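User: I should like to learn how to read the architecture of a protein model, feature by feature. Please begin with the overall layout and then proceed to the details.

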Amino acid sequence: MKTCTYCGRENEDQAATCQECGEEFGQNSASTEQTPTEPDETERFEKITVLDNEVQAELMDAVLSERKIPHIMQSYHDSALDGLFQAGKGWGVILAHESSKEEILAALADIRSQSQSSAGAPDDNDT
Ligand SMILES: [Zn+2]
């Protein structure tokens with residue numbers, strides 16, 4: 001197996017590009033194949049978009065998992081990445097590879113259009 005250095009997905013040895021993110025495999029895969037430490041792929045993730053609420057986050061998580069898009073749901077209530085998300089609007093953010101951004105935004109647009117009834121009035125308790 002060949003592990004993508006970009007997203008961490010395992011691909012066939014003869015694969016020329018990653019099935020997940022399309023990253024081209026160079027000639028230097030041998031040196032990284034047996035990396036003992038888990039690559040911290042989350043460091044490569046970027047903030048893609050802001051989620052309005054937890055329901056939306058759960059729907060997005062399900063959709064992205066189904067589409068096998070690597071992603072992280074980061075709630076504002078989770079301080080693991082404190083400092084990054086001081087805006088505090090909405091529920092939190094989706095972190096993912098920039099290459100997945102368009103697909104994620106499209107999926108989010110779908111979800112928002114399906115849940116219009118609750119999209120109009122998010123909790124507004126910052127008085
Ligand atoms: Zn990849």
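**Reading the fold**

Analyst: Along the sequence, the protein follows the pattern β-β-α-β-α-β-β-α-α, where helices (H or I, at least four residues) and strands (E, at least two) are DSSP runs, numbered from the N terminus. In total there are 4 helices and 5 strands in the protein. This is a predicted model, in which local features need pLDDT of at least 70, side-chain atom pairs count only at pLDDT 80 or more, and totals for chains, interfaces and linings use all residues. Residues are numbered from 1 along each chain as its sequence is written.

User: Which strands form the open sheet, and in what order?

Analyst: Strands of a sheet pair through backbone hydrogen bonds, either parallel or antiparallel. Here, an open sheet of 3 strands has the order E3-E5-E4, with antiparallel pairing; two strands pair if DSSP finds at least two bridges between them. Strand E3 (46-51) and strand E4 (71-75) are the edge strands, each pairing on one side only. From one strand to the next, the twist averages 25 degrees.

User: How many bridges join E3 to E5, and which residue stands opposite Lys47?

Analyst: E3 and strand E5 (residues 92-96) run antiparallel and are joined by 5 bridges. Lys47 stands opposite Leu95 of E5, and Val50 is opposite Val93 of E5. E4 and E5 also pair in the antiparallel sense, over 5 bridges, with Met73 opposite Ile94 of E5.

User: Is E5 mostly covered or mostly exposed?

Analyst: A residue is buried if 20 or more other C-beta atoms lie within 10 Å of its own, exposed if 12 or fewer, and partly exposed in between, with C-beta atoms placed from the backbone. By this criterion E5 is mostly covered, with 5 of its 5 residues buried. Of the 127 residues of the protein, 20% count as buried.

User: Why is Glu46 assigned to its exposure class?

Analyst: Glu46, which lies in strand E3, is partly exposed because 13 other C-beta atoms lie within 10 Å. Not counting residues up to four places away in sequence, Glu46 touches Leu95 and Glu98; two residues are in contact if their C-beta atoms, placed from the backbone, lie within 7 Å. The C-alpha atoms of Glu46 and Ala96 are separated by 5.4 Å, although these residues are 50 residues apart along the chain.

User: How should the packing of H2 and H3 be read?

Analyst: Two packed helices are described by the angle between their axes and the distance between the axes. The axes of helix H2 (residues 54-66) and helix H3 (residues 101-114) come within 10 Å and cross at roughly 130 degrees. Axes are lines fitted to C-alpha atoms, for helices over the stretch in contact, and angles run from 0 to 180 degrees between N-to-C directions. H2 is therefore oblique to H3, since angles under 35 degrees count as roughly parallel, over 145 as roughly antiparallel, 65 to 115 as roughly perpendicular and the rest as oblique.

User: Which residues make this contact?

Analyst: On H2 they are Gln56, Leu59, Met60, Val63 and Leu64, and on H3 they are Ile104, Ala107, Leu108 and Ile111.

User: Across which strands does H3 lie?

Analyst: H3 lies across E3, E4 and E5, running at about 5 degrees to E3.
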